[in-house]
Amino acid sequence: MNVTIDIKQLKDLSKKLEKAGPKTVKMAQLELRASAFTVEGIAKDLSPIDRGGLKQSIASEAITKNDYKIGSNKDYAAYVEFGTGVLVDVPGEWSQFAAQFKGSTGESWDNGLEEIRQWCIRKGIPEGAAYPIFMSILKKGIMPQPFLYPAYKEGRKELINNITQIIKDFNLE
């Protein structure tokens, strides 16, 4: 599950930057890079931790100087972010993005039950509770635990503020 953040998303600011010189564009690219790292850090701070796999998997990657990808390579990341079943909660602006994760994870029944059994052991819950918990998850779903969307919103806000300041500093308004 990866989202991108790029200068083109900031339409009004992007147009002003196009009129600017290369120094201003370079400064905006540095701000974009810093923003990607901000999103990565916030997402890691917000990610739920059981064994730490999700948190460790969150990373940012430069696609180009104007485009960064931030997210997790864990198959279950979207299900943690948005929830499952009747409990799914997707922010409106991400509905198209989230649609690609709808449906089965491809995990087997036995694998899912075993994951819940192992979770019970780690939490000190009797192993016999694994089956009813697993059935409840299948029937009712799991609550969303957003980590990437709030990080994305905060990083985007910071990016807009910082690029707006660059534009003001260079009298490009």
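This is a tour of a predicted model, stop by stop, with a selection to make at each one.

**Whole chain**

Start with the full chain in cartoon view. There are eight helices and three strands, and their order along the sequence is β-α-α-α-β-β-α-α-α-α-α. Colour by relative accessibility next: of the 173 residues, 35% count as buried. The exposed area of the chain is about 10,400 Å², with carbon and sulfur atoms supplying 53% of it. If you draw contacts with a separation of 6 or more, 68% of them join residues 24 or more positions apart.

**Helix α2**

Select residues 22-46, which make up helix α2. The helix has 25 residues, and its first and last C-alpha atoms are 36 Å apart, close to the 36 Å expected at 1.5 Å a residue. Show the side chains of its buried residues: T24, A28, Q29, L32, S35, A36, T38, V39, E40 and A43.

Now pick E40 from that set. Its relative accessibility is 15%, so E40 counts as buried, the cut-off being under 20%. What is E40 in contact with, leaving aside its neighbours within four places in sequence? Select I58, A59, S60 and I70 to see those partners.

**From α2 to α6: D50 and R122**

Move on to D50, in the loop between α2 and α3 (53-57). D50 forms a salt bridge with R122, and the closest N and O atoms are 2.2 Å apart. R122 is in helix α6 (residues 109-123), so select that helix as well; the pair is 72 residues apart and links distant parts of the chain. D50 has a relative accessible area of 37% and is partly exposed; R122, at 34%, is also partly exposed.

**Within α6: E114 and R117**

Stay on helix α6 and show E114 and R117, which lie three residues apart, about one turn of the helix. An α-helix has 3.6 residues a turn, so residues three or four places apart point the same way. E114 and R117 form a salt bridge, with 2.8 Å between the closest N and O atoms. E114 is partly exposed at 32% relative accessible area, and R117 is partly exposed at 26%. Add E127 to the selection: E114, R117 and E127 are linked in a network of salt bridges.

**E61 and K69**

Select E61 and K69, whose side chains meet in a salt bridge at 3.4 Å, N to O. Buried or partly exposed: which describes E61? With a relative accessible area of 40%, E61 is partly exposed. K69 is partly exposed too, at 27%. The count of salt bridges comes to seven.

**A nonpolar patch**

Switch to surface view and select W109, Y131, M135 and L138. Together they form a nonpolar patch with about 400 Å² of accessible area. Helix α7 (residues 130-140) gives the most to the patch, with three residues. L138 lies in this helix and counts as partly exposed at 48% relative accessibility.

**Helix α8**

Finish with residues 148-169, helix α8. At 1.5 Å a residue its 22 residues should span 32 Å, and the end C-alpha atoms are 31 Å apart, which agrees. Show the buried residues L148, Y149, A151, Y152, G155, L159, I163, I166 and I167. Turn the view to look down the axis of α8: these residues fall within an arc of 140 degrees, so they line one face of the helix. On the other side of α8, select K157 and D169, which are exposed.

Definitions and conventions: Residues are numbered from 1 along each chain as its sequence is written. This is a predicted model: local features need pLDDT of at least 70, side-chain atom pairs count only at pLDDT 80 or more; totals for chains, interfaces and linings use all residues. Side-chain values use heavy atoms; hydrogens and water are left out. Helices (H or I, at least four residues) and strands (E, at least two) are DSSP runs, numbered from the N terminus. Buried means under 20% relative accessible area, exposed over 50%, partly exposed in between (1.4 Å probe, protein chains only). Contact means heavy atoms within 4.5 Å. Patches are made of residues with over 30% relative accessible area and no salt bridge: like charges are joined within 9 Å, nonpolar side chains (Val, Leu, Ile, Met, Phe, Trp, Tyr) within 5 Å. Accessible areas come from the Shrake-Rupley method with a 1.4 Å probe; for residues, only the protein chains shown count as cover. A salt bridge is a side-chain nitrogen of Lys or Arg within 4 Å of a carboxyl oxygen of Asp or Glu. The expected span of a helix is 1.5 Å times one less than its number of residues. The arc is that of the directions from the helix axis to the C-beta atoms.
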